[in-house]
Every structure is written in structure tokens, then in C-alpha cells.
Amino acid sequence: MNIDCKCCGEKITERQDEEKKKLLNRLSRIEGQIRGIKKMIENDAYCVDVLTQTSAASSALNSFSRDVLTRHLKICVVRDIKADDESAVEELAELVKKLMK
């Protein structure tokens with residue numbers, strides 16, 4: 001659920017423990033991929049092998065972002081629109097601009 005933080009007024013998204021655990025596990029795997037690429041560079045791995053691993057890490061991060069965006073659309077944006085918060089549409093438009101760079 002998207003709510004305002006009591007201490008600073010910024011928006012935050014509360015996630016169920018299960019969802020949070022899944023997202024954190026995926027980020028840990030991506031982090032492991034990045035560490036692996038770093039080790040490849042340290043060990044003078046062949047460029048093609050490094051680029052193959054980089055592509056896999058990039059794909060994993062894109063997949064992660066798609067899942068977070070899908071949740072945001074289905075829950076946060078829908079809720080805000082139902083509450084007549086038209087700023088959600090502007091926020092989404094700005095987000096799409098950033099994602100399409």
C-alpha cells in the first residue's frame with residue numbers, strides 16, 4: 001500500500017513480508033551476478049564471456065523492474081485513480097519517460 005511517511009511526508013509503499021522477501025532474494029541474486037562480473041574482470045576473463053554475463057544481469061534487473069512496475073500499476077496507480085488523485089497519472093507519465101531513456 002502506498003502511504004505518506006509520518007516522519008517526512010514522502011510516499012512509501014508497504015509490502016507484505018512474502019513480497020518483500022521475494023524482491024530481496026531476487027536483488028541478492030542480481031548482486032551475486034554483479035560480483036561475479038567483477039571477479040571476471042579481476043581475473044581477465046574473455047570479453048565475450050563478460051558481456052554475456054553482463055547481459056544476463058541486465059536482463060534480471062529489467063525483469064525485476066517490470067515486476068515492481070506491474071505491482072505499482074495494479075495496486076498503487078489504480079488505488080490513487082479510484083481516490084480521484086490525478087497526480088498519479090502525472091507521476092506515471094514521468095516514470096515512463098525515465099524508463100524509456
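Which residue forms a salt bridge with arginine 26, and how far apart are the closest N and O atoms? The legends below take up this pair and several others in a model that is predicted.

**View 1. The salt bridge between aspartate 67 and arginine 26.** Aspartate 67 is the partner of arginine 26 in this salt bridge, and the closest N and O atoms of the two residues lie 2.3 Å apart. The pair links distant parts of the chain, since aspartate 67 belongs to helix H2 and arginine 26 to helix H1, with their positions 41 residues apart in the numbering. With a relative accessible area of 37%, aspartate 67 is partly exposed, whereas arginine 26, at 19% relative accessibility, counts as buried because the limit for that class is under 20%.

**View 2. The crossing of helices H1 and H2.** Helix H1 spans residues 17–42 and helix H2 spans residues 47–82; their axes come within 10 Å of each other and cross at roughly 160 degrees. An angle over 145 degrees counts as roughly antiparallel, and H1 is therefore described as roughly antiparallel to H2. The crossing in which H1 passes H2 is left-handed. Sorted by class, the residues in the contact of H1 with H2 comprise 14 that are nonpolar, four that are polar and five that are charged.

**View 3. Arginine 71 and the backbone of glutamate 14.** Arginine 71 is placed in helix H2, and its relative accessibility of 14% puts arginine 71 among the residues counted as buried. The side chain of arginine 71 reaches the backbone oxygen of glutamate 14, at a distance of 3.4 Å.

**View 4. The salt bridge between lysine 11 and glutamate 91.** The side chains of lysine 11 and glutamate 91 meet in a salt bridge with an N to O distance of 3.9 Å, a value that satisfies the criterion because the cut-off is within 4 Å. This pair, too, links distant parts of the chain: lysine 11 is in strand S2, which covers residues 11–13, while glutamate 91 is in helix H3, and the two are 80 residues apart. Lysine 11 is partly exposed, its relative accessible area being 39%, and glutamate 91 is likewise classed as partly exposed, with a value of 37%.

**View 5. Glutamate 94 and lysine 97 within helix H3.** Lysine 97 lies in helix H3, the helix that runs over residues 87–99. The side chains of glutamate 94 and lysine 97 meet in a salt bridge of 3.2 Å, taken from N to O, and a polar contact of 3.2 Å also joins these two side chains. Glutamate 94 and lysine 97 are three residues apart in helix H3, which means that about one helical turn separates them. Glutamate 94 counts as partly exposed at 40% relative accessibility, whereas lysine 97 has a relative accessible area of 54% and is exposed.

**View 6. Lysine 97 in relation to serine 59.** Lysine 97 and serine 59 are 38 residues apart along the chain, and a separation of 20 Å lies between their C-alpha atoms.

**View 7. Salt bridges in the whole structure.** A search of the whole structure finds six salt bridges. Among them are the pair of aspartate 67 with arginine 26, the pair of lysine 11 with glutamate 91, and the pair of glutamate 94 with lysine 97.

Terms used: Residues numbered from 1 in each chain as written. Predicted model: local features only at pLDDT ≥ 70, side-chain atom pairs only at ≥ 80, totals over all residues. Heavy atoms only, no water. Axes fitted to C-alpha atoms, helices over the stretch in contact; angles between N-to-C directions. Helix = DSSP H or I, 4+ residues; strand = E, 2+ residues; numbered from the N terminus. Parallel < 35°, antiparallel > 145°, perpendicular 65-115°, else oblique. Left-handed = near helix turned anticlockwise from the far one by under 90°. Nonpolar A, V, L, I, M, F, W, Y, C, P; charged D, E, K, R; others polar. Polar contact = N/O pair within 3.5 Å; in protein donor to acceptor, adjacent residues only side chain to side chain. Buried < 20%, exposed > 50% of the residue type's maximum accessible area, 1.4 Å probe, protein only.
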